[in-house]
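Me: I've got a structure open and I'd like to learn how to read its features one by one. Could you walk me through it?

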Amino acid sequence: MTGRPRSGAWFAAEGRAGMIYRSWLRSEGMTPEVFDGRPVIGIANSWSELTPCNAHLRSVADAVKRGVWQSGGFPLEFPTMSLGETLMRPTAMLFRNLMAMEVEELLRANPLDGVVLLSGCDKTTPAMLMAAASADLPAIMVTGGPMLNGKFRGADVGSGTHVWRFEAELVAGRMTQEEALAAESGMARSCGHCMTMGTASTMACLAEALGMQLPGSAAWPAADSRRYVTAQSAGQRIVGLVREDLRPSQIMTREAFENAIRVNAAIGGSTNAVIHLLAIAGRLGVPLRLDDFDELARPVPTLVNLMPSGRYLMEDFCYAGGLPAVMRELQDFLHNDHIGVTGRTLAENVADAECWNRDVIASLDAPLQAPGTGTAVLRGNLCPGGAVIKQSAASPQLLKHRGQALVFDSIEEYHEVSGREDLPVDASTVLVVRGAGPKGYPGMPEIGNFVLPRKLLERGVTDMVRISDARMSGTGFGTVVLHVAPEAAVGGPLAFVRSGDWIELDTPGRTLTLDVSEDELSRRRAGWAPAKSPWPRGYARLYHEHVLQADQGADLDFLVGASGAEVPRHNH
Ligand code: FES
């Protein structure tokens, strides 16, 4: 910290303004020393009972506060918007950018010198990182930690992953409703976020890989006392971070994103990480392309044996050594001199990390899956802006597949007929659902891994090639091509596929081809016009008018680009 802290513009002010700034805070019962120039630390808390994954964050905030006081800072906790993945309609993703915008403005508008970001559920972590990137105040993230392993009939049950499995079993008549209810009660048995390597766990790990969380933070279960130890440590450390004036823009560099992309490949992370990292990088002005995700990840094998790609859960990952053990194993692929919130290099941070269970975290010598089997980026006339497929969660025999399309204009249209015996479909059919991209739905819901047609499930079919402009849950699995860009709603080629067209997926060759001539596609395109937006007002209208495509992170166009901590002009 050079000179007086940023908060001094408020609390060291003289006259009427200074009196107002200090006096009203004194109403909370603060002693005058809090205004002596010590770093003022915001604790941005996305606690909400409507976000079950974040419902314990008030106690996490208490631990952070202890640490801030211990290190001579002045903590001030404040609520932020919260995004509950399971409850919000039409999809929590619609609001990620709104939350990011809200937190950014709160950070900039208030007398804060640094911030601890408390997040957990899927969208809350990227939203907070986007906000921190834009406001560029010293920041540490503390994710709330995963739930304890789910349990049902003596076996582990993974959040999300088993929901899809149980749904398929129910539809196929192999599971009763009573059994499903019993399974449901054992799935979420503690506070915390989904404990598979879904989007929440992925983003927690990537916040750590970017250098924005303390080493080891991502994996401590929410119910583990060490979750609170790490929170208190973050409270202690943020004060030092402010004094050193180490900011997100100095931590989340191109090298940090390269580390995060490679870590994502090793942990079998969510495809949603692609969109979120692109959005965060966009906020910083860090050049990052969709193709970087393929090129950088190709040499990296999958090491972490967690659902949905593998068999274990986050609790096991934690006890096996967590992310530091993975990053130590990956050192040949990482920028080891990168400096994160600890102020030390990555190499120093993980120097003592050990793996305690090679079944959960494999070694480079004997990886879970070979290099190049992570998330692949596809190109072709069906997705000129790109598309992604998570190979580790797909069926190997379908990664190269040619089949005839069966097309649906919405997921609702598919659901209406998916149970019908006369649905013209067999296991080789390529199911296409469009109208589910950023603008189309709106908000790009997680429907890409939609359940297979009933008649095929009953015949024992477990996977088919599915293509959409949607996302899929990080806990999902299957041979699903996602994030097709441009989406159908803006006139991407996906809008012009017809049932019966041949589609070729060649994942090893990284192509997705619609076997229809350019002339024919032009004929189909003639006269096409985007549908009129059904959102005449409010945030949905703002979103619809400004959201970028998936290959650009689906942020709002006017939020892209580096900003900073200063309020452009204020009159107080
Ligand atoms: Fe919140 Fe999965 S629903 S992390």
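Reply: Sure, and let's start with the sheet. This is a predicted model, and in it 8 strands form an open sheet with mixed pairing, in the order E7-E8-E12-E11-E10-E9-E13-E14.

Me: Which strands stand at the edges of that sheet?

Reply: Look for strands with a single partner. Here those are E7 (375–378) and E14 (511–514), so each has one side left without a neighbour in the sheet. From one strand to the next, the twist averages 25°.

Me: The pairing is mixed, so to speak, in both senses. Where do I look for the antiparallel sense?

Reply: Go to strand E9 (residues 400–408). With strand E13 (residues 502–506), E9 pairs in the antiparallel sense over 5 bridges. Take Arg-402 as a landmark: its bridge partner in E13 is Glu-504.

Me: And what about E9 and E10, parallel or antiparallel?

Reply: Parallel: 4 bridges join E9 to strand E10 (residues 430–433). You can follow the register through two pairs. Ala-405 has Val-430 as its bridge partner in E10, and Leu-406 has Leu-431.

Me: Which helix lies across E7 and E8?

Reply: That's H13, which lies across E7 and strand E8 (386–390) and runs at about 130° to E7. Keep H13 in mind, as we'll come back to this helix with the cavities.

Me: Next, helix packing. What do people use to describe two packed helices?

Reply: The angle between their axes and the distance between the axes. Try helix H4 (residues 96–109) and helix H12 (residues 272–284): their axes come within 13 Å and cross at roughly 35°. As for the hand, H4 passes H12 in a right-handed crossing.

Me: Which residues of H4 and H12 meet there?

Reply: H4 brings Arg-96, Asn-97, Ala-100 and Glu-104, and on the H12 side they meet Ile-275, His-276, Ala-279 and Arg-283. By class, this contact has 3 nonpolar, 2 polar and 3 charged residues.

Me: Now the empty spaces. How many cavities of 30 Å³ or more are there?

Reply: The count comes to 3. For each one, read the volume and then the lining. The largest cavity has a volume of about 140 Å³ and is lined by 16 residues, with Glu-208, Gly-211, Pro-215, Leu-346 and Asn-349 nearest its centre. Helix H8 (199–210) and helix H16 (346–350) are the elements that give two or more residues to that lining, and H16 has the largest share, with 3 residues. The lining divides into 7 nonpolar, 7 polar and 2 charged residues.

Me: What lines the second largest cavity?

Reply: Among its lining residues are Ile-261, Asn-264, Phe-293, Ala-297, Thr-375 and Lys-390. The volume of this second largest cavity is about 100 Å³. Here's H13 again: helix H11 (254–267) and helix H13 (290–297) each supply at least two lining residues. H11 gives the largest share, 3 residues. By class, the lining has 5 nonpolar, 6 polar and 1 charged.

Me: And pockets? What is the volume of the second largest pocket?

Reply: About 310 Å³. Read a pocket as you read a cavity, volume and then lining. The second largest pocket is lined by 18 residues, and Gly-440, Ala-488, Ala-489, Val-490 and Ala-531 lie nearest its centre. Sorted by class, its lining has 10 nonpolar, 4 polar and 4 charged residues.

Methods: Residues numbered from 1 in each chain as written. Predicted model: local features only at pLDDT ≥ 70, side-chain atom pairs only at ≥ 80, totals over all residues. Heavy atoms only, no water. Axes fitted to C-alpha atoms, helices over the stretch in contact; angles between N-to-C directions. Left-handed = near helix turned anticlockwise from the far one by under 90°. Contact = heavy atoms within 4.5 Å. Nonpolar A, V, L, I, M, F, W, Y, C, P; charged D, E, K, R; others polar. 1 Å grid on protein atoms, 1.4 Å probe; cavity = no way out; pocket = protein on both sides within 12 Å on 5 of 7 lines; lining within 4 Å. Points joined across faces, edges and corners; volume = space filled by probe spheres on them. Pairing = 2+ DSSP bridges.
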